[in-house]
Amino acid sequence: PIVMSMFLGFTTWNPMKGLAGVEFVGLDNFKTMLKDERVLAAVRNNLVYSLSYVPLTISIALVLAALLNKFVFFKVPIRMMTFMPYISSLVSVATVWMVLLYPDKGPINSILSNVFHVANPPQWFISSKWALKGIIMMSVWHDVGYYCIILLANMQGLSAEVYESAAVDGANSIQTFFRITVPMLTSSIFFCITLATINSFKIFDQVNIITEGGPGFSTTVLVQAIYYYAFKEYKIGYAAAVALVLFLIIFAFSTVLQKLEEKFTY
C-alpha cells in the first residue's frame with residue numbers, strides 16, 4: 001500500500017475506470033499543490049497545531065505526573081479520571097466540546113460573560129480566529145492523560161537514592177524536579193514528544209466532526225485535505241501526492257527529534 005500510494009502521487013486516476021484510468025503526470029500534482037489554497041492552509045494549520053499542541057500536552061502531562069507521583073490523595077481514582085478522556089470516543093468528545101463552546105449559550109461563554117464580565121466572548125468553532133484554538137484545547141484535554149500515564153510509569157521507576165541524596169543536600173521540590181526528575185526522564189519525554197508530534201500531523205476526527213476544515217480553510221489540516229480530495233472530489237492521484245507530502249513532513253520531524261534525543265538524553 002505504501003509503494004502504491006507513492007506511485008499514485010505521480011498520476012491522475014479515476015478509480016471508476018480501474019487500472020486503465022491511471023495516467024502518469026510526473027510532478028504535476030506537486031506543482032499544483034504550490035498554488036492550492038486548501039493544501040497551503042492545511043500545512044500552515046498543521047504546523048500551528050503541532051507547535052501548540054505538543055508543548056502544551058507534554059508540559060501538562062509532565063506536571064500532572066509529578067503531582068500524581070507524590071502529592072495527591074486518592075491517586076488511583078484520579079489517574080483513572082485523567083486517563084478516561086483518552087479512551088473516550090472522539091465523536092462523543094467532539095460533540096460535548098461543541099456544546100461547551102457553543103457561542104451564544106454555551107457554558108464556557110456564559111461563565112466568561114457572567115463571572116469574568118467579558119464583553120465579547122470568543123465565537124470558538126464558528127470563528128476563523130478561534131476555531132483552531134478550540135480544537136487545540138480539546139485535543140490537549142483529550143490526550144494529556146495518555147502521556148501522563150507514560151511519564152508517571154517511568155517516574156516511578158527512578159532511583160529513590162538520588163532523591164534522598166538531593167534532600168540531604170538541601171534541594172527543594174522545584175530544584176529536584178528540574179535537575180533530577182526531568183534529566184532522568186529525557187528518554188521518556190522525547191518518546192512522548194515524538195509520538196505527540198506524529199499524532200498532531202494525523203489529526204482528522206475532531207476537525208472533520210466539528211468544523212469540516214472551516215470556517216474557510218481556518219481549521220483545514222493535511223489529513224482532512226487528503227480525505228476531501230480522495231473521497232469528495234475523487235482525485236485519488238492528487239490526494240496520494242498530498243499524503244506523500246504529509247509522510248515527508250512527519251519523517252523530517254521524526255528524524256530531527258531522533259537526533260535531538262541522541263544529543264540530549266541523560
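Let me begin at one residue, Y147, which counts as buried because its relative accessibility is 1%, under the 20% that sets the limit for that class. I should say at once that what we are looking at is a predicted model, so every value I quote is computed from that model.

Y147 has a partner right beside it in the sequence, and the two rings are worth a moment. A pair of aromatic rings is described by the distance of the centres and the angle of the planes. For Y146 and Y147 the centres are 5.1 Å apart and the planes stand at 75°, an arrangement that is edge-to-face. Y146, in contrast to the buried Y147, is partly exposed, with a relative accessible area of 22%. Both tyrosines belong to one aromatic cluster, in which F83 and Y86 are the further members, and over the model the count of aromatic pairs comes to 14.

Let me now step back to the chain as a whole. The protein chain has 266 residues, of which 41% count as buried, and its secondary structure comes to 13 helices and two strands. The C-alpha trace spans about 75 × 50 × 30 Å along its principal axes. If we take the contacts with a separation of 6 or more, 68% of them are accounted for by residues 24 or more positions apart. The accessible surface comes to about 15000 Å², and carbon and sulfur atoms hold 68% of that area.

With that frame in place, I come to the interior. Which residues of the largest nonpolar core touch the most other members? This core has 40 residues, and the ones in question are Y49, Y53, I58, L62, Y147, L151 and M155, so that our starting residue, Y147, appears again here. The helices that each supply at least two residues of this core are α3, covering 37-70, α5 (90-100), α7 (131-155), α8 (160-168), α9 (173-184), α10 (186-201) and α11 (205-210). The largest share, 12 residues, comes from α7. Apart from this core lies another one, of 24 residues, and W13, A42, A225 and Y228 are among them.

Y53 lets us look at the surroundings of one core member in detail. Once its neighbours within four places in sequence are left aside, Y53 is in contact with I136, S139, V140, D143, Y147, A196 and S200. One of these, D143, lies in helix α7, and I would like to stay with that residue for a moment.

Is D143 buried or exposed? D143 is buried, because its relative accessible area is 12%, and the limit for that class is under 20%. Apart from neighbours within four places in sequence, D143 is in contact with Y53, T57 and Y86, and Y86 is a residue we have already met in the aromatic cluster. To give a sense of distance along the chain, D143 and L112 are 31 residues apart in sequence, while their C-alpha atoms are 25 Å apart in space.

Turning from the interior to the outside, we find a nonpolar surface patch of about 510 Å², made by I2, M6, F247, L248 and F251. Two helices, α1 (2-8) and α13 (236-264), each supply at least two residues of the patch, and α13 gives the most, with three residues. L248, which is placed in helix α13, is partly exposed, with a relative accessible area of 49%.

Finally, some remarks on the backbone. Most residues other than glycine have a negative phi, and most peptide bonds are trans. Where, then, does the model depart from that pattern? The peptide bond from G214 to P215 is cis, with omega near -5°, and P215 lies in the loop between α11 and α12, the latter being 222-231. H117, although it is not a glycine, has a positive phi of about 55°; this residue lies in the loop between α6 (107-114) and α7, and at 65% relative accessibility H117 counts as exposed. Y234 likewise has a positive phi of about 55° without being a glycine, and its place is in the loop between α12 and α13, where Y234 is partly exposed, with a relative accessible area of 47%.

Key. Residues are numbered from 1 along each chain as its sequence is written. This is a predicted model: local features need pLDDT of at least 70, side-chain atom pairs count only at pLDDT 80 or more; totals for chains, interfaces and linings use all residues. Side-chain values use heavy atoms; hydrogens and water are left out. A nonpolar core is a set of buried Ala, Val, Leu, Ile, Met, Phe, Trp, Tyr and Cys residues joined through side-chain atoms within 4.5 Å. Buried means under 20% relative accessible area, exposed over 50%, partly exposed in between (1.4 Å probe, protein chains only). Helices (H or I, at least four residues) and strands (E, at least two) are DSSP runs, numbered from the N terminus. Contact means heavy atoms within 4.5 Å. Patches are made of residues with over 30% relative accessible area and no salt bridge: like charges are joined within 9 Å, nonpolar side chains (Val, Leu, Ile, Met, Phe, Trp, Tyr) within 5 Å. Accessible areas come from the Shrake-Rupley method with a 1.4 Å probe; for residues, only the protein chains shown count as cover. A salt bridge is a side-chain nitrogen of Lys or Arg within 4 Å of a carboxyl oxygen of Asp or Glu. Rings of Phe, Tyr and Trp (its six-membered ring) pair if their centres lie within 6.5 Å; planes under 30 degrees apart count as stacked, over 60 as edge-to-face and the rest as tilted.
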